Amino acid sequence: MRRAARRAVIGSLPNSAGRLDFPREVRLVRRGDFDAVYRAGKRRSNSHFTVFFRANQLPHSRFGFSIKKALGGAVVRNRIRRRVREIVRCHRLEIPAGWDIVIHPKSNVAKGEFAALTADLLQLLRIN
């Protein structure tokens, strides 16, 4: 009962209520996976992001995020990471399946308008 009351206060839904989550199987976590995307993949970029992608032969796409220290301190980098992860989490089903994707945000992502960032990233992720 206490957990349900806490959820009502913060406004989040439990996973079973149809919430889009970001499970481990859709994340790139190993250095070797990142290296394979950089080595054998292709690159696209715009004013907010650089995206590296490579086919992965899986029924879903996997995502990795790389935020350089040059973008700011830990607080700024974590804010950028949270914003980009939220875009991917909310639009994961719209992104084509079967790709390993590494996203490199640029410095203007920290203060950019969220709707513009979403549109720019989804445009880059329309992989054919």
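Strands S1 and S2 run antiparallel and are joined by four bridges. In this predicted model, they belong to an open sheet of four strands, ordered S1-S2-S4-S3 with mixed pairing. Two helices, H2 and H4, pack on that sheet. The largest nonpolar core holds 25 residues. Five salt bridges and four aromatic pairs add to the picture.

**Sheet and packed helices**

- Strand S1 (42-45) and S3 are the edge strands, each pairing on one side only.
- From one strand to the next, the twist averages 20 degrees.
- Arg 44 has Val 51 in S2 as its bridge partner.
- Helix H2 touches S1, S2, S3 and S4 as it packs on the sheet. The direction of H2 makes about 95 degrees with that of S2.
- Helix H4 touches S1, S2 and S4. The direction of H4 makes about 30 degrees with that of S2.
- In general, strands of a sheet pair through backbone hydrogen bonds, either parallel or antiparallel.

**Nonpolar cores**

- In the 25-residue core, the members that touch the most others are Phe 49, Val 51, Phe 65, Val 84, Ile 101, Ile 103 and Leu 121.
- Five elements each supply at least two residues of this core: strand S2 (49-55), strand S3 (62-65), helix H3 (74-91), strand S4 (99-105) and helix H4 (114-124).
- Another core, of five residues, lies apart from it. Its members include Leu 28, Phe 34, Phe 52 and Val 102.
- Beyond its neighbours within four places in sequence, Ile 101 contacts a spread of residues, among them Leu 28, Val 51, Phe 53, Phe 63, Ile 95, Leu 125 and Ile 127. Ser 61, Arg 62 and Gly 64 are also among the contacts of Ile 101.
- In soluble globular proteins, nonpolar side chains tend to be buried together.

**Aromatic pairs**

- Phe 22 and Phe 65 form a tilted pair, 6.1 Å centre to centre, with 40 degrees between the planes.
- Phe 22 lies in the loop between helix H1 (2-10) and helix H2 (31-40), while Phe 65 is in strand S3, so the pair ties together parts 43 residues apart in sequence.
- Both partners are buried: Phe 22 has 14% relative accessibility, and Phe 65 has 17%.
- Tyr 38 and Phe 52 have ring centres 5.0 Å apart and planes at 90 degrees, so this pair is edge-to-face.
- Tyr 38 is in helix H2 and Phe 52 in strand S2, so the pair links distant parts of the chain, 14 residues apart.
- Tyr 38 is partly exposed at 32% relative accessibility, whereas Phe 52 is buried at 12%.
- Phe 22, Phe 63 and Phe 65 make up one aromatic cluster.

**The H1-H2 loop against distant sequence**

- Leu 20 sits in the loop between H1 and H2. Its relative accessibility is 27%, so Leu 20 counts as partly exposed.
- Leu 20 and His 91 are 71 residues apart along the chain, yet their C-alpha atoms are separated by 8.8 Å.
- Not counting residues up to four places away in sequence, Leu 20 touches Arg 89, Cys 90 and Leu 93.
- Asp 21 forms a salt bridge with Arg 92, with 3.8 Å between the closest N and O atoms.
- This salt bridge also links distant parts of the chain: Asp 21 is in the loop between H1 and H2, and Arg 92 is in the loop between H3 and S4, 71 residues away.
- Asp 21 is partly exposed, at 28% relative accessibility. Arg 92 is buried, at 18%.

**Salt bridges within helices, and a network**

- Asp 35 and Arg 31 meet in a salt bridge of 3.7 Å, N to O. They are four residues apart in helix H2, so about one helical turn separates them.
- Asp 35 is partly exposed at 29% relative accessible area, while Arg 31 is exposed at 69%.
- Glu 86 and Arg 89 form a salt bridge with their closest N and O atoms 2.8 Å apart. They are three residues apart in helix H3, so about one helical turn lies between them.
- Glu 86 is partly exposed at 30% relative accessibility, but Arg 89 is buried at 18% relative accessible area.
- A network of salt bridges links Asp 33, Arg 62 and Asp 100.

Key. Residues are numbered from 1 along each chain as its sequence is written. This is a predicted model: local features need pLDDT of at least 70, side-chain atom pairs count only at pLDDT 80 or more; totals for chains, interfaces and linings use all residues. Side-chain values use heavy atoms; hydrogens and water are left out. A nonpolar core is a set of buried Ala, Val, Leu, Ile, Met, Phe, Trp, Tyr and Cys residues joined through side-chain atoms within 4.5 Å. Buried means under 20% relative accessible area, exposed over 50%, partly exposed in between (1.4 Å probe, protein chains only). Contact means heavy atoms within 4.5 Å. Rings of Phe, Tyr and Trp (its six-membered ring) pair if their centres lie within 6.5 Å; planes under 30 degrees apart count as stacked, over 60 as edge-to-face and the rest as tilted. Two strands pair if DSSP finds at least two bridges between them. Axes are lines fitted to C-alpha atoms, for helices over the stretch in contact, and angles run from 0 to 180 degrees between N-to-C directions. A salt bridge is a side-chain nitrogen of Lys or Arg within 4 Å of a carboxyl oxygen of Asp or Glu.
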